[in-house]
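Open the model in your viewer and keep the selection box at hand. This tour tells you what to pick and what you will find there.

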Amino acid sequence: MAAVLAGTAGCGSGSEGGSGGKTKLSFFSWENEQTMKPLIDAFEKQNPSIDIEFSTAPPVAEYISTLQTRLVSGTAADVFVIAAENKTNLVQGGFVKDLTGKPFLANMSKFNTEAWSVDGKAYGMSISSWSAGILYNKDVLAKAGVTEFPTKWDDFIALCQKLKAAGITPYYEGATGLPLSVAALVGHENARQGGGVDAQIFAGQKKFGDLWTGPLTTYNQLFTSGVMTKDVVGLKGEQIVDEFVNGRVAMIAAGPWDVPTLRQKAPNMNLVFAGVPTPDGKPFWAGAASPGWAINAKTQHEKEAEAFLTYLGSKEGVTLFNKGTAAMTTTSDVTPVIDKVLEPNLKALKDGTFYLPQIAWPRVQDALNTEAVAQLQLMIQGQAKPEDVAAALDNRLKSS
C-alpha cells in the first residue's frame with residue numbers, strides 16, 4: 001500500500017475554495033461530529049476566513065482503510081489522524097508534513113510528541129493519553145454475588161462462567177482491531193520479561209512467539225471456555241456500548257472515549273473501570289499516547305492547517321476536547337477534568353502499567369497490525385492456535 005500511495009500522493013488533498021471567498025480546510029477525524037463540532041465552531045468563529053469541511057470514520061480499521069482509499073484517489077483531507085496502525089506508511093510514504101519545531105507543539109507532552117515522531121522528527125500533535133481496560137456494571141455483578149473484581153485471569157474466567165450460568169452475558173470485546181485485552185496481556189508479559197522485548201524481536205534476538213504465545217493462550221480461554229461468543233469478531237465499538245447500556249452484557253472492554261456516551265445514555269448506571277486480569281494477579285491496561293493530528297504533505301492550505309492545529313492545541317481547544325471526550329489531556333497548560341470512573345485509568349498512566357504493541361514496533365506497524373487482527377480472528381473462530389498467530393507475525397516481519 002505504501003508503494004501504491006507513493007505513486008499517487010501528488011494528486012492533491014481535495015481541498016477547494018470555500019464559499020464567500022473563504023478557504024475550505026478539510027478535516028478527517030475518527031472522533032464523531034458531536035465531539036468535534038464545538039471545537040470546529042469555536043475555531044471558525046476565531047478564524048472567519050476559514051471553513052472546516054468535516055468527515056469522520058470510526059476507529060480503527062475502518063478509519064485506516066478510508067484514509068488509505070482517499071490518499072490513493074488524491075482526495076485525502078488537509079488535516080487527518082495519524083495512528084499507530086498507519087504511522088509507518090504515512091511517514092515513509094511522505095504523506096505527512098514534518099511538524100518539528102512548530103510553535104503549537106510547545107505545550108505538548110514530550111512523551112506524546114515522541115510517540116508520533118520518527119528519527120527525531122515530529123509528524124503528529126497529540127494532546128492526550130489513554131488507558132483502557134474492563135468496564136463493568138457494578139450493580140449487575142453485585143446481583144451475582146460479586147463484591148470484588150478479580151485480578152487473576154482464572155478468577156475472571158470463573159466470574160464470566162458464573163454470570164453465564166445466571167443467564168447474564170458476561171463480556172464483550174470486539175476484534176475488528178487488536179483487542180484491548182490482548183494489548184494489555186502482551187504488555188504485562190513484556191513487563192514480566194523486563195521490558196523491551198519488542199526491540200529484541202526487531203533486532204532478531206527473540207521471536208513474537210516469545211512474547212505473544214502466552215498472552216494469546218490466556219486470551220483464547222474466553223472462547224475455548226465458551227464465556228464469549230465467536231460472533232464478537234464482527235462487533236463494532238458502538239454496538240458493544242449499546243449492548244452494555246441496554247443491560248444485555250455485564251462487562252465490556254472500553255476506554256475513556258466511551259464514558260461521555262455512557263453518561264448520556266445511562267446516567268444512573270453504576271460504572272467501574274478495572275485493569276485486565278492477568279495470570280499472576282497484577283492487572284494491566286491497554287494504553288498509549290492518543291493518536292495525533294497530522295497535516296497532509298500535499299495540502300494547498302498549510303497556513304490554515306497550522307492555524308487549526310494551533311487552536312486544537314490551545315488551552316481553549318484542549319479544554320473543549322477534554323469536556324467532549326473525557327480524554328486525559330496531557331498539555332502543560334490544562335489540568336484535565338475527568339469523570340470519577342476514570343481515576344483507575346489515570347492511576348495506570350501514572351504507574352506505567354499500560355501498553356500498546358503497535359507503539360513499540362519501530363517499523364511496519366500497519367502490516368503487522370493487519371496480520372495480527374486477521375490471525376486473531378482466525379484463532380477466535382477456532383481456525384488457528386495461539387502459536388500460529390505468533391508465527392504468522394514472525395513471517396510478516398521477515399517478509400516486510
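The stops below run from the whole chain down to single residues.

**Stop 1: the whole chain**

Show everything as a cartoon. Remember as you look that this is a predicted model. The protein chain holds 18 helices and 13 strands. Its radius of gyration is 21 Å, close to the 21 Å that the globule rule gives for 400 residues, so the chain is as compact as a globular protein of that length. Along the principal axes, the C-alpha atoms fill a box of roughly 65 × 50 × 35 Å.

Now think about burial. Of the 400 residues, 53% count as buried. What share of the contacts with a separation of 6 or more comes from residues 24 or more positions apart? These account for 75% of such contacts in the protein chain.

**Stop 2: an open sheet**

Select strands E2, E1, E3 and E11. They form an open sheet of 4 strands, in the order E2-E1-E3-E11, and the pairing is mixed. Which strands are the edges? They are E2 (50-56) and E11 (292-295), each of which pairs on one side only. Neighbouring strands of this sheet are turned by 30 degrees against each other on average, with direction ignored.

Zoom in on strand E1, residues 23-29. E1 runs parallel to E2, and 7 bridges join the two. Pick Lys24 and look across to E2: its bridge partner there is Asp51.

**Stop 3: strand E6 and its partners**

Select residues 128-137. This is strand E6, and it is mostly covered: 10 of its 10 residues are buried. Now add its partners one by one.

- Add strand E12, residues 328-329. E12 and E6 run antiparallel and are joined by 2 bridges. Ser128 has Thr329 as its bridge partner in E12.
- Add strand E10, residues 285-289. Here 4 bridges join an antiparallel pair with E6. Trp130 is matched with Ala288 of E10.
- Add strand E9, residues 271-274. E9 pairs with E6 over 4 bridges, in the antiparallel sense. Ile134 has Ala274 as its bridge partner in E9.
- Add strand E8, residues 251-254. E8 is antiparallel to E6, with 4 bridges between them. Tyr136 is matched with Met251 of E8.

**Stop 4: strand E8 from both sides**

Stay on E8 and show its side chains. In a regular strand the side chains alternate between the two faces of the sheet. Are the faces of E8 covered or open? Both are covered: Met251 and Ala253 lie on one side, Ile252 and Ala254 on the other, and all are buried.

Next, add strand E7, residues 171-172. E7 runs parallel to E8, and 2 bridges join them. Tyr171 stands opposite Met251 in E8. You have met Met251 already, as the bridge partner of Tyr136.

**Stop 5: two helices that cross**

Hide the strands. Select helix H10 (residues 208-224) and helix H18 (residues 386-399). Two packed helices are described by the angle between their axes and the distance between the axes. The axes of H10 and H18 come within 8 Å and cross at roughly 145 degrees. The crossing is right-handed.

Show the side chains where they meet. H10 brings Phe208, Gly209, Trp212, Thr213, Leu216, Thr217 and Asn220 to the contact. H18 brings Pro386, Glu387, Val389, Ala390, Leu393, Asp394 and Leu397. By class, the contact has 8 nonpolar, 4 polar and 2 charged residues.

**Stop 6: two buried residues**

Select His188 in helix H8, which covers residues 180-192. Why does His188 count as buried? Its relative accessibility is 8%, and buried means under 20%. Now look for its contacts. Beyond its neighbours within four places in sequence, His188 is in contact with Thr278, Pro279, Asp280, Lys282 and Phe284.

Move on to Asp198, in helix H9 (residues 197-202). Asp198 is buried too, with a relative accessible area of 3%. Leaving aside neighbours within four places in sequence, Asp198 is in contact with Asn190, Phe208, Leu211, Tyr355, Ala360 and Trp361. Phe208 is a residue from Stop 5, where it is part of the contact between H10 and H18.

Key
Residues numbered from 1 in each chain as written. Predicted model: local features only at pLDDT ≥ 70, side-chain atom pairs only at ≥ 80, totals over all residues. Heavy atoms only, no water. Buried < 20%, exposed > 50% of the residue type's maximum accessible area, 1.4 Å probe, protein only. Contact = heavy atoms within 4.5 Å. Pairing = 2+ DSSP bridges. Axes fitted to C-alpha atoms, helices over the stretch in contact; angles between N-to-C directions. Left-handed = near helix turned anticlockwise from the far one by under 90°. Nonpolar A, V, L, I, M, F, W, Y, C, P; charged D, E, K, R; others polar. Rg over C-alpha atoms; globule rule 2.2 N^0.38 Å.
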